[in-house]
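Visitor: I should like a close look at a single part of this model: the surroundings of the DNA. Please explain each term as it arises.

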There are 2 protein chains.
Amino acid sequence: MGISKTILFTAEQNTLARLAKGLAHPARIAILEYLLDSNTCCNSNLVAELGLAQATVSQHLRELKDLGLIQGTISGNTMNYCIHPEGWREASDLLIHFLGRSPFPSTCSTTC
Amino acid sequence: MGISKTILFTAEQNTLARLAKGLAHPARIAILEYLLDSNTCCNSNLVAELGLAQATVSQHLRELKDLGLIQGTISGNTMNYCIHPEGWREASDLLIHFLGRSPFPSTCSTTC
DNA sequence: CTGTTATATCGCAATATTACGATGAATTTC
DNA sequence: GAAATTCATCGTAATATTGCGATATAACAG
């Protein structure tokens, strides 16, 4: 199929999955790391930084922008991308809250 | 294409992306939430819990098991699944460390 | 031993993702 | 203005993901 049955799940579960999907590519991880690290803010010398074609980088940037994790502003000829502070905070808070849970100290051998 | 150019990225970036991909489906989020919540530990009444076919649930469980996030033990006729404590800890630590970063307080308007 | 139950896997169909060349729009440079 | 630069988008090809029915295997129940 390739289509997820989102109807079956809670809004929170779908949101978490959607955010995780945004991080589910090394290029997008690399972009976010680059933007998180660079105090000089952003722009698409990302094309040089990553080894991908310009069209591909643009596509990844769009995904991150659609998720609200980054934002871009036009500066004449070029685009400046940077982390979207609120979007990033919200997303990472949600994911961290999910990931921060610890399992009960029960083993699999426990009968159900 | 559909294939990621993992060669271009660091091992850490690929690992983070692989873990995120594991979480990139609401059914897998739901499975993990269920296993994290249930002190009774596991097993595949997950098929009833989620609204998906048995084959589909089994497939999602396999993905989570391959990532080391859960583990399963055979108990006679049935499988008992539960969170893999070390695997879950390692994975969540890696992701939380990445997500915990804050952007520099620079705006996109900063020239690069 | 036979039938039932629980689960993994195979094979397939539908859809999504990834990657890139080509093209177009906007802007700068000369 | 003409050429060059920067970037988004379109179209397309290759591969991945999702979902499920069917089937195989193993264990249990009678």
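Guide: Let us begin with one term: two residues are in contact when heavy atoms of theirs lie within 4.5 Å. This is a predicted model, in which local features need pLDDT of at least 70 and side-chain atom pairs count only at pLDDT 80 or more, while totals for chains, interfaces and linings use all residues. Side-chain values use heavy atoms, with hydrogens and water left out; residues are numbered from 1 along each chain as its sequence is written, and chains are lettered from A and ligands numbered from 1 in the order in which they are written.

We may approach the DNA by way of His25(B). Helices (H or I, at least four residues) and strands (E, at least two) are DSSP runs, numbered from the N terminus. His25(B) sits in the loop that joins α1 (11-22) to α2 (26-37) in chain B. With a relative accessible area of 12%, His25(B) is buried; that word means under 20%, exposed means over 50%, and partly exposed lies in between (1.4 Å probe, protein chains only). A polar atom of the His25(B) side chain is 2.9 Å from the backbone nitrogen of Ala27(B). If neighbours within four places in sequence are set aside, His25(B) is in contact with Ser4(A), Ala17(A) and His60(B). The last of these, His60(B), leads to the DNA: a polar atom of its side chain lies 2.9 Å from a phosphate oxygen of DNA strand D.

Let us now consider DNA strand D itself. A residue is near a strand if one of its heavy atoms lies within 4 Å of it. DNA strand D has 28 residues around it, and those that come nearest are Met1(A), Lys5(A), Ser58(A), Tyr81(A) and Met1(B). Among the atoms of DNA strand D within 4 Å of the protein, 59% are accounted for by sugar and phosphate. Two residues of chain A illustrate how base and phosphate may each be approached. Asn77(A) has a polar side-chain atom 3.3 Å from a base oxygen of DNA strand D, while Met79(A) has a polar backbone atom 2.9 Å from a phosphate oxygen of that strand. Three elements each supply at least two residues of the surface near DNA strand D: α4 and β2 (78-83) of chain A, and α4 of chain B. The largest share is that of α4(B), with five residues.

We turn to DNA strand C. It is surrounded by 28 residues, of which Met1(A), Met1(B), Lys5(B), Ser58(B) and Tyr81(B) are the closest. Sugar or phosphate makes up 61% of the DNA strand C atoms within 4 Å of the protein, and bases make up the rest. Here α4 (54-66) of chain A, α4 (54-66) of chain B and β2 (78-83) of chain B each provide at least two residues of the nearby surface. The most comes from α4(A), with five residues. From chain A, Gln59(A) places a polar side-chain atom 3.3 Å from a base nitrogen of DNA strand C, and Glu63(A) places one 3.5 Å from a phosphate oxygen of the strand. From chain B, Tyr81(B) has an N or O atom in its side chain 2.4 Å from a phosphate oxygen of DNA strand C.

The helix α4 of chain A also holds Thr56(A). This residue is partly exposed, with a relative accessible area of 28%. Its C-alpha atom is 9.6 Å from that of Ala27(A), although the two residues are 29 apart in sequence.

The strand β2 of chain B likewise deserves attention. Two strands pair if DSSP finds at least two bridges between them; β1(B), residues 70-75, and β2(B) pair in the antiparallel sense over six bridges. One bridge links Ile74(B) with Met79(B) in β2(B). Two residues lie between the strands of this hairpin, in which Gly76(B) takes a positive phi near 65 degrees. Asn80(B), which also lies in β2 of chain B, is buried, with a relative accessible area of 3%. The C-alpha atoms of Asn80(B) and Asn43(B) are 4.0 Å apart, although 37 residues separate the two along the chain.

Finally, chain A may be placed in outline. It contains five helices and two strands, in the order α-α-α-α-β-β-α from the N terminus. Of its 112 residues, 41% are buried. Among its contacts between residues at least 6 apart in sequence, 47% join residues at least 24 apart.

Technical notes
Polar contact = N/O pair within 3.5 Å; in protein donor to acceptor, adjacent residues only side chain to side chain.
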